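Me: I'd like a close look at one part of this predicted model, together with whatever helps me place that part in the chain. Could you walk me through one helix and its surroundings in a connected way?

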Amino acid sequence: MAEESGEEIQLLRSQKPKLIEILSADPDFVLQHADARRLLSRHAYQHVKSCRIPSEKVTELLDHVIQRGPEAAKELLELFKDNDLQETFPRLDFINKLKINTQSSSRLKFAHVQQSFIPICNNGSGMVSEKQLMCVARTIGKSWRAIGREVLGISSVKLEQIEEDHNLHVERVFAMLRYWRNSQREKATPTQLHSLLSQGEWMLPPESIDFLLKTD
């Protein structure tokens with residue numbers, strides 16, 4: 001019986017790497033929705049909110065929910081199906097493809113449907129990695145908002161939110177680039193990012209971004 005009651009937790013754990021990658025584009029958005037559903041204690045909420053690195057914030061959120069047990073895990077999985085979450089994180093649609101079988105009046109059993117996982121590579125064929133994004137973030141100066149709006153196509157509202165959520169300049173730029181990557185999905189390759197940042201008024205020095213073209 002204990003194994004059955006932990007199936008939601010097992011499912012959440014098995015999807016943690018993918019969820020961290022997806023939700024790190026806007027962890028505060030997820031946190032506020034989770035808090036609205038009372039999935040975290042006040043102490044846990046403040047702890048998660050204090051995390052500065054997006055991936056760490058999502059990891060802490062998932063871990064706290066998992067520690068609260070199957071019911072909390074089940075509620076979080078339902079949250080991921082919410083329209084607001086699905087619109088903000090299109091890649092969460094894989095949650096809807098998890099088969100749900102009713103085993104009894106109170107238990108849910110999940111069977112995972114295999115998903116084609118988009119790789120994060122170091123070359124120009126896969127999605128740009130977080131390490132590459134951080135390297136680029138360190139090369140972008142005070143013009144980061146203009147680059148976000150005019151080069152990456154990010155709205156001013158989103159850029160203002162990023163600025164409010166992060167205190168350090170490099171963290172703001174990194175969050176902006178990460179948001180672009182997650183919104184573009186498989187189109188967000190290193191070569192595409194290099195191309196965008198190599199033309200127009202806001203082009204970056206070639207020597208600062210040519211590493212994106214390396215295939216090693």
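Reply: Happy to; what follows starts with helix α5 and its neighbours, then moves outward to the charged pairs, the cysteines and the confidence of the prediction.

A little orientation helps before zooming in. This is a predicted model, and its chain has 14 helices and 2 strands. Of the 216 residues of the chain, 45% count as buried. Among contacts between residues at least 6 apart in sequence, 66% join residues at least 24 apart. The accessible surface of the chain comes to about 11,400 Å², and 48% of that surface belongs to carbon and sulfur atoms.

Now to the helix itself. Helix α5 spans residues 42-50, and within α5 the residues A44, Y45 and V48 are buried. These buried residues sit on the same side of α5, because they cover an arc of only 100° around the axis. On the face turned away from that buried side, α5 carries the exposed residues H43 and S50. What do the buried residues of α5 pack against? Their partners are α4, residues 27-36, and α6, residues 54-67.

Those two partner helices are also joined to each other by charge. D28 forms a salt bridge with K57, with the closest N and O atoms 2.8 Å apart. D28 lies in helix α4 and K57 in helix α6, so this pair ties together parts that are 29 residues apart in sequence. Are the two partners buried or exposed? D28 counts as buried because its relative accessibility is 13%, and K57 counts as buried because its value is 6%.

Another lysine worth a look is K16, which is found in helix α3, residues 16-23. K16 counts as buried, at 19% relative accessibility; the cut-off for buried is under 20%. Leaving aside residues up to four places away in sequence, K16 touches T59, L62, D63 and I66.

Following the chain on from α3 brings us to a second charged pair. D26 forms a salt bridge with K158, and here the closest N and O atoms are 2.5 Å apart. D26 lies in the loop between α3 and α4, while K158 is in helix α11, residues 156-165, so the pair ties together parts that are 132 residues apart in sequence. D26 is buried, at 6% relative accessibility, and K158 is buried too, at 8%.

From α11 you can carry on to a histidine. H166 lies in the loop between α11 and α12, the latter being residues 169-184. H166 is buried, with a relative accessible area of 8%. Beyond residues up to four places away in sequence, H166 touches R52, P54, E171, R172 and A175.

The count of salt bridges comes to 11. One of them joins E78 and K81, with the closest N and O atoms 3.7 Å apart. E78 counts as partly exposed, at 32% relative accessibility, and K81 is also partly exposed, at 23%. In addition, salt bridges that share partners join R37, E75 and D82 into one network.

The cysteines are quickly told. The count of disulfides comes to 0. C51 counts as buried, at 13% relative accessibility, whereas C135 is partly exposed, with a relative accessible area of 30%.

Finally, how far should you trust the coordinates? The chain averages a pLDDT of 80, and 84% of the residues score at least 70. Two stretches call for caution. Over residues 1-5, pLDDT stays under 50, and the model has 6 contacts beyond four places in sequence for them. Over residues 100-124, pLDDT also stays under 50, and here the model has 60 such contacts. Where pLDDT is low, the predicted coordinates should not be read in detail.

Key: Residues numbered from 1 in each chain as written. Predicted model: local features only at pLDDT ≥ 70, side-chain atom pairs only at ≥ 80, totals over all residues. Heavy atoms only, no water. Buried < 20%, exposed > 50% of the residue type's maximum accessible area, 1.4 Å probe, protein only. Helix = DSSP H or I, 4+ residues; strand = E, 2+ residues; numbered from the N terminus. Arc of directions from axis to C-beta. Contact = heavy atoms within 4.5 Å. Salt bridge = Lys/Arg side-chain N within 4 Å of Asp/Glu carboxyl O. pLDDT = per-residue confidence, 0-100. Areas by Shrake-Rupley, 256 points an atom, 1.4 Å probe, with all protein chains shown as cover. Disulfide = S-S within 2.5 Å.
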